[in-house]
Amino acid sequence: MAHRDGRQPSRRRGARRAPAAIAAAVTAGLVLAACAPGTDGGGGSSDTPDASDVSTELTKKKVKLTIADETGFPLTDKLTEEYTRQHPNVTFTVNRDTFQNLTANAPRLLASNNPPDLIRLPTMGETVKDGLLANLDPYHKAYGWDSWPESQLEPLRMDKDGVRGSGGLYQLGLGYSVTGIYMNTKLAEELGIDGPPETLGELEEDLATAKAKGVLPIVAGDKDGVVNFVVQAAMNQYADKEEFLTWMYNKPGASYDTPGNRKGAELVRKWADAGYFPKDINSLDYFAFVSRFNDGKGLFTFNGNWEAANYQKGLGDDVTFFLVPPAKKGEGHVAMGAANSFSVAAKSKNKDEIVHFLNWVHTDAKARQIVLDVTGASAGGDPSLPQPKAKAGSLAESALEMSTQIANEGGQVDFMANTTAGIYSGSIIPESQLLVTSKISGKEFVQRVQKFYEKEVGKR
Amino acid sequence: MTGVPAPVRRTGRAAPRKGPRRGEAHGWLLLLPALLAYVGFVVWPLIVGVQYSFYDWNGVGLATWVGFENYATVFTDPELLGAIGNALTLLVFFTVIPVGAGLVLATLIRSLRSGGFARASQTILFLPQVIPLAAAGIAWSWMYAQTGAVNEILEAVGLGWLARPWLADYGTALPAVGLIGSWVLTGLCTVLLLTGIGKIDPSLYEAARIDGAGWWREFFTITLPGLRQEIAVLVTLSMIAALSSFDIIYTSTQGGPGRETLVPAISIYRIGFTQSDVGLASAFGIVLMILVVALVLPIQRLARAGDR
């Protein structure tokens, strides 16, 4: 149609056609809308093999395994190198992408016909329901993982309804983290603070002392939400741990709006009002606040064992690492900790081999040492196995002791950022930015996060 | 509805009117590669985007039909509406400021005649255009930081009381992000408008001057009407840039503090790829597209109104 006739400039028609073209595309879309996209994953639970179907014996054949991991974390490089040294018939390809890209693409990667055998997966989301992950229960039985602390494996389980904490085992950690408070001991000495606080009350006294003498009490950043190490640390000391966990595991009816969480959030608001955080907190990202503490620009910082080696390098002997103190003296410690979680793809053709690798990371002395040396984390696994060696008096040694203490006290909780796939960027980050700059109250904070949670969890 | 104008040879003897003419067939053949790419990468995604927008779908599992629910969410969720509001505010910084500044700069450079200085200022003004937006966002977030260049300059000139973390301050975050866009787009506007001015018949200026017109008179009666086409193109481009802005904000504020700088593209990315709610993300994307078309089409009409 529409022959150029020379009388009318053709672009006039072109412009008139634009809305019509869009309308046509929209109509086509509407017609297509009658058929649903996607495929039914079938839950992936009906065909779960039992222990007799799996092998703990490593094949003699040549196998090439692929791992999808995030950029900037060399642990998988070092571990696979050592594994291949011990088992030369098994070689690895490690593909890396940024954390954000990897987590956004993970479901599609896993659903593809050629998925990686092992993938870094911080939140399982709907991958279990969609049948994308391999159930590791048969291996749990075959390898005898029941000697490993269940509190460590619990967050890695998920049932058919997408509730974590029970059901099949779908992940394992390459290292298990623990969080706490780092204190600049040189500044502490100048302020007359002689040791780590033993209660939240003592911690508050130290914060006030620092503020009064012009030292920044807490080095934290919240451009990318990391102040939530502080927010959750405060909540952990007041909240009922099991109740908090049911929320993080998405159990039906679970709520974030609990008296304990409110109290914790109000405490953070109080600290914000008192000026205990950096003024430009919302423009500081993770690397900015880490390097600020490393430059000696504040008394405390809330972070995890993964930063121990870096802080040791920056501050030498002028830094110490300890668990967040409880509200009352003598109460048990509660600390965030999580597996550096990896999942096996349901479609992996080398499940026995990749699980052999995972088991090896938890049990082989060299592998456990590599986990500690590279990440500062505990390798997990059977607590009766000898711990790898950390330098005496180092932060890494403190971190290992803290891991053991938390394991013994049963005080580990997951990170609330892992509650759902979208809650961190969609709600916790923006609301915490408002909380730490005194724009909203602690009560509003927990209510808003809960509202987002209901919206997201209710969708499935 | 393909509406493809086929080249027609207007020779005296018309080919017989049976079946497609040879020229037409050739035309289609030549068009095929581009058409395939266009359908595959633009039309088809648009069609499936509309399809997805009527479903609750995580992108992998089975989707369930929800009718217009996703659209209802887009128009009722205060967070998503706020994002649209922010994008409209960005129009000031992405469109009004660059085009306005471009007009002034182009006129000034033109009055410099073609000296080395004029060429140098053209190049300098155009430079931001060659920097990737993501890099501009990162570089500016350093300059806007508490200890960054902006605050250092303010302190150096005695305006230290103004210093603040610009991207973390609730009042300044959105304008600060917007100004990054102004900085990037002003060069493009200036250069394009300069070439536009070059096309205006110099005798018009001469005539005006003989009639005793001043600078302002010249600007409003000759320069501005003569640049109508260029201005329409720039307004269209920069409006689309404002409404679909992603990279600058993603690398500078990620939508913060709170949701002060949250824009639709960031929301769509998060809803679709982090929350895996492909249906809602598609619906928001379609709404954004309709908004862009609704704002841009009148501009196109306006530019052509006085054409004849």
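**Sheets, domains and unusual backbone spots in chains A and B**

A:Tyr182 has A:Thr301, in strand E8 of chain A, as its bridge partner. That pair belongs to the antiparallel match between strand E7 (residues 179-184) of chain A and E8(A), which runs over five bridges. Strands here are DSSP runs marked E of at least two residues, helices are runs marked H or I of at least four residues, and both are numbered from the N terminus. Two strands are called paired if DSSP finds at least two bridges between them. As background, strands of a sheet pair through backbone hydrogen bonds, in either a parallel or an antiparallel way.

The model is a predicted one, so local features need pLDDT of at least 70 and side-chain atom pairs count only at pLDDT 80 or more, while totals for chains, interfaces and linings use all residues. Residues are numbered from 1 along each chain as its sequence is written, and chains are lettered from A and ligands numbered from 1 in the order in which they are written.

Back to the sheet: E7(A) and E8(A) are part of an open, antiparallel sheet of three strands, ordered E8-E7-E9 in chain A. Strand E8 (300-304) and strand E9 (319-322) of chain A sit at the edges with a single partner strand each, so one side of each has no neighbour in the sheet. Neighbouring strands are turned by 30 degrees against each other on average, with direction ignored. Helix H12 (residues 308-315) of chain A packs on this sheet, touching E7 and E9 of chain A, and its direction makes about 155 degrees with that of E9(A). Helix H15 (residues 395-409) of chain A also packs there and touches E7 and E9 of chain A, but its direction makes about 10 degrees with that of E9(A). For these angles, axes are lines fitted to C-alpha atoms (for helices, over the stretch in contact), and values run from 0 to 180 degrees between N-to-C directions. Contact means that the C-beta atoms of two residues, placed from the backbone, lie within 7 Å.

Chain A has another open sheet, this one with five strands in the order E2-E1-E3-E11-E6 and mixed pairing. Its edge strands are E2 (90-97) and E6 (172-176) of chain A, each pairing on one side only. From one strand to the next, the twist averages 25 degrees. Within this sheet, strand E3 (residues 118-120) and strand E11 (residues 339-344) of chain A pair in the antiparallel sense over three bridges, with A:Leu118 opposite A:Val344 in E11(A).

Zooming out, chain A carries 17 helices and 12 strands. Its radius of gyration, taken over C-alpha atoms, is 25 Å, which agrees with the value near 23 Å for a compact globule of 460 residues (the globule rule is 2.2 Å times the number of residues to the power 0.38). The C-alpha atoms fill a box of roughly 90 × 65 × 45 Å along the principal axes. Among contacts in chain A between residues at least 6 apart in sequence, 78% join residues at least 24 apart.

By an automatic or database domain assignment, chain A splits into domain 1 (51-176 + 339-400) and domain 2 (179-337 + 413-458). Their C-alpha centres lie 28 Å apart, and the contact takes 17 residues from domain 1 of chain A and 17 residues from domain 2 of chain A. On the domain 1 side, H15(A) gives the largest share, four residues.

Chain B is likewise divided, into domain 1 (22-70) and domain 2 (78-305). Their centres, taken over C-alpha atoms, are separated by 31 Å. Here 11 residues of domain 1 of chain B are in contact with eight residues of domain 2 of chain B. Helix H1 (22-52) and strand E1 (55-56) of chain B are the elements giving two or more residues to the domain 1 side, and H1(B) has the largest share there, three residues.

A few backbone spots are worth a look. Most residues other than glycine have a negative phi, and most peptide bonds are trans. A:Asn250, however, has a positive phi near 65 degrees and is found in the loop between helix H9 (241-248) and helix H10 (259-273) of chain A. With 20 C-beta neighbours inside 10 Å, A:Asn250 counts as buried. The scale goes by other C-beta atoms, placed from the backbone, within 10 Å of a residue's own: buried takes 20 or more, exposed 12 or fewer, and partly exposed lies in between. In chain B, B:Gln254 has a positive phi near 55 degrees and is buried too, with 20 other C-beta atoms within 10 Å. B:Gln254 is in the loop between H11 and H12 of chain B. B:Pro257 is found in the loop between helix H11 (247-252) and helix H12 (264-274) of chain B, and a cis peptide bond with omega of about -5 degrees joins B:Gly256 and B:Pro257.
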